[in-house]
Amino acid sequence: MSAELERELKQLRSALRTMARETETRVQTALEAWFAWDVELARSIRVADTEIDQMELNIENECLGILARHQPVASDLRLVMATLRINTSFERIADLARSIAKRVIRLSERGPKVNPPPSAESMGQAVCEMVKNVINALEKQDVELARFVRRSDSFVDERNKELFDWALAQIETDPENAGGYMTTVLMARTLERIGDHAGNIAEDIMFVVGGSVVRHSPL
């Protein structure tokens, strides 16, 4: 590997780490805003969304520049290819956090506002752990931690089903607030999608480190 390529790959890893940590903060803030019905926190995510978008574009341009200038092979090529996918996944996670924040604002201002059940908080904590762990796996190139993240998705899926059943039961007894319960279902589905993207990043880490493609394979 040339010294110039090594330097550019180091910069690429650093940029991706920064984006990852900013994304993690947005997920945590969105959940805090939801469970506390904190409109100001929710608005802070909407205002900061363009920062993540710009990070995504910058990283994508860096990846394409490296491919054009150096034609990397083997592990270096895997790193750049996976970074392109991971970059997109983090941007989508940030978008999903923004979606939760937007719904918090809308329900707070227009209603009907309903408090989510405890399973929503356990689901949120699990998703936050998935995001945190996948970032640590990315930074440490830890395949075992990446596998753990991938397996963690089943817990999130189970909580999502519980929330759907809860919402249906609530609508039967409190039909006037049906819109609030259905929005809770949508927010839980958004959380599940964040978990899915964290799982995708875990698969990309396994590809970078070991060269194995595990997408669509059993857990």
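A search through the whole of this predicted model turns up zero disulfides. Such a link is a covalent bond between the sulfur atoms of two cysteines. Two of the cysteines can still be placed by how much of them is open to the outside. Cysteine 63 has 0% relative accessibility, so it counts as buried. Cysteine 128 comes out at 16%, and because buried means under 20% relative accessible area, cysteine 128 falls in the buried class too.

As for the fold, the chain is built with six helices and zero strands. Read from the N terminus, the order of elements is simply α-α-α-α-α-α. The C-alpha trace stretches over about 65 × 40 × 20 Å along its principal axes. For the radius of gyration, the chain has 19 Å, and a compact globule with 219 residues would have a value near 17 Å, so the two agree.

Contacts within the chain reach a long way along the sequence. Taking those between residues at least 6 apart, 83% join partners at least 24 apart. Burial can be put in numbers as well: 47% of the 219 residues count as buried. On the outside, the accessible surface amounts to about 10700 Å², and carbon and sulfur atoms make up 50% of that. Charge is part of the picture too, with 28 positive and 35 negative charges on the chain, and the mean positions of these two sets lie 3 Å apart.

Two residues give a closer look at individual helices. Serine 89 sits in helix α3, which covers residues 74-110. The relative accessible area of serine 89 is 7%, so this residue is buried. Setting aside neighbours within four places in sequence, serine 89 is in contact with His197, Asn200 and Ile201. In this way a residue of helix α3 touches positions much further on in the numbering, including His197.

Glutamate 172 belongs to helix α5, made up of residues 143-173. With a relative accessible area of 69%, glutamate 172 is exposed, whereas serine 89 is buried. Glutamate 172 also offers a handle on distances across the model: its C-alpha atom and that of methionine 19 are separated by 43 Å, and the two residues are 153 places apart along the chain.

Notes. Residues numbered from 1 in each chain as written. Predicted model: local features only at pLDDT ≥ 70, side-chain atom pairs only at ≥ 80, totals over all residues. Heavy atoms only, no water. Disulfide = S-S within 2.5 Å. Buried < 20%, exposed > 50% of the residue type's maximum accessible area, 1.4 Å probe, protein only. Helix = DSSP H or I, 4+ residues; strand = E, 2+ residues; numbered from the N terminus. Rg over C-alpha atoms; globule rule 2.2 N^0.38 Å. Contact = heavy atoms within 4.5 Å. Areas by Shrake-Rupley, 256 points an atom, 1.4 Å probe, with all protein chains shown as cover. Lys, Arg positive; Asp, Glu negative; His and termini not counted. Charge placed at Lys NZ, Arg CZ, Asp CG, Glu CD.
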